[in-house]
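Welcome! Take a look at the sequence and the structure below, and then we will walk through the picture together, topic by topic.

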Amino acid sequence: MEGTGVRLRALRAALFTALCVTLSAASHVLLSRTPLPAATVAGLVAAFFAVAYALAGRERGYGAIAALLIPLELTADTVFTTGQHACYGKAGGPVAGPLHSLGLDFACRGELGTPLARMAADSTSPPAGGPALPWLLLGCHVAVGLLAAGWLRRGEAALAGLL
């Protein structure tokens, strides 16, 4: 796939971005039971696309994809958590965030994942807690990153076979 055209490179980067951000956003909303600010998701999409486009010039192996995807997954979680706390505060309410107190409400307009957050909040199970929770979340992020890397690698191989 060396020397692929700009359109194909952009398509590969867009698919990579869509998979990473969708998995990260959906899992983050389900676990936090709070929607994400649209500006935070849009910023993350732009950053992921830029990184993916820069690296989409040739076919990558599973190890290289996983080595990129796992840190991106952890970065996405950090960015989403920061965006939620900045817009909604630690309690998740729409008024308590520090951006509201500074008058920067435009950064918090629009929410993504509200129905998913509502569904997770309506579930009968209480949110999990305890000292093992951070390690469990880290393990989940790594597992999702490895599974997504496998899926992307198979897509890379299929695309290379077509070309």
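**A first look**

The buried residues of helix 2 have several covers, among them helix 1, strand 1 (36-37), helix 3 and strand 2 (111-112). Keep in mind that you are looking at a predicted model. With that said, let's see how the pieces fit, starting with the whole chain.

**The whole chain**

- The protein chain has 6 helices and 2 strands as its secondary structure.
- If you follow the protein chain along its sequence, you will meet these elements in the pattern α-β-α-α-α-β-α-α.
- The protein chain has 163 residues, and 32% of them count as buried.
- About 9200 Å² of the protein chain is exposed, with 71% of that area supplied by carbon and sulfur atoms.
- Among the contacts in the protein chain with a separation of 6 or more, 81% are between residues 24 or more positions apart.

**Helix 2 and its buried side**

- Helix 2 contains 18 residues, and from its first C-alpha to its last it reaches 26 Å, close to the 26 Å expected at 1.5 Å a residue.
- Which residues of helix 2 are buried? They are T40, V41, L44, F48 and A52.
- These buried residues lie on the same side of helix 2 because they cover an arc of only 90° around the axis.
- T40 is a good residue to find in the viewer, and it lies in helix 2.
- Why does T40 count as buried? Its relative accessibility is 15%, and the cut-off for buried is under 20%.
- Apart from neighbours within four places in sequence, T40 is in contact with V79, F80 and G83.

**A record that overlaps this part**

- An unreviewed UniProt entry carries the annotation "transmembrane region" for residues 36-55.
- In the model, the end C-alpha atoms of residues 36-55 are 27 Å apart, and this span is 90% helix and 10% strand.

**Helix 1**

- Helix 1 has 27 residues, and its first and last C-alpha atoms are 38 Å apart, close to the 39 Å expected at 1.5 Å a residue.
- The buried residues of helix 1 include R12, F16, C20, S24 and H28.
- Just after helix 1 comes R33, which takes a positive phi of about 60°.

**The largest nonpolar core**

- The largest nonpolar core has 21 residues, and those that touch the most other members are F16, L36, F48, L69, F80 and L152.
- Which elements give two or more residues to this core? They are helix 1 (6-32), helix 2 (38-55), helix 3 (62-88) and helix 6 (133-162).
- Helix 1 makes the biggest contribution to this core, giving the most with 7 residues.
- F80 touches S24, A25, H28, L36, T40, V41 and L44, once residues up to four places away in sequence are set aside.

**E73, a residue to look up**

- E73 is found in helix 3.
- Is E73 buried or exposed? E73 counts as buried, because its relative accessibility is 5%.
- Beyond its neighbours within four places in sequence, E73 is in contact with C20, S24, S27, H141 and V144.
- S24 is a handy landmark here: S24 is among the buried residues of helix 1, F80 touches S24, and E73 is in contact with S24.

Conventions:
Residues numbered from 1 in each chain as written. Predicted model: local features only at pLDDT ≥ 70, side-chain atom pairs only at ≥ 80, totals over all residues. Heavy atoms only, no water. Core = buried A, V, L, I, M, F, W, Y, C linked by side-chain atoms within 4.5 Å. Buried < 20%, exposed > 50% of the residue type's maximum accessible area, 1.4 Å probe, protein only. Helix = DSSP H or I, 4+ residues; strand = E, 2+ residues; numbered from the N terminus. Contact = heavy atoms within 4.5 Å. UniProt positions renumbered as here; feature names shortened; annotations may be inferred. Expected span 1.5 Å × (residues − 1). Arc of directions from axis to C-beta. Areas by Shrake-Rupley, 256 points an atom, 1.4 Å probe, with all protein chains shown as cover.
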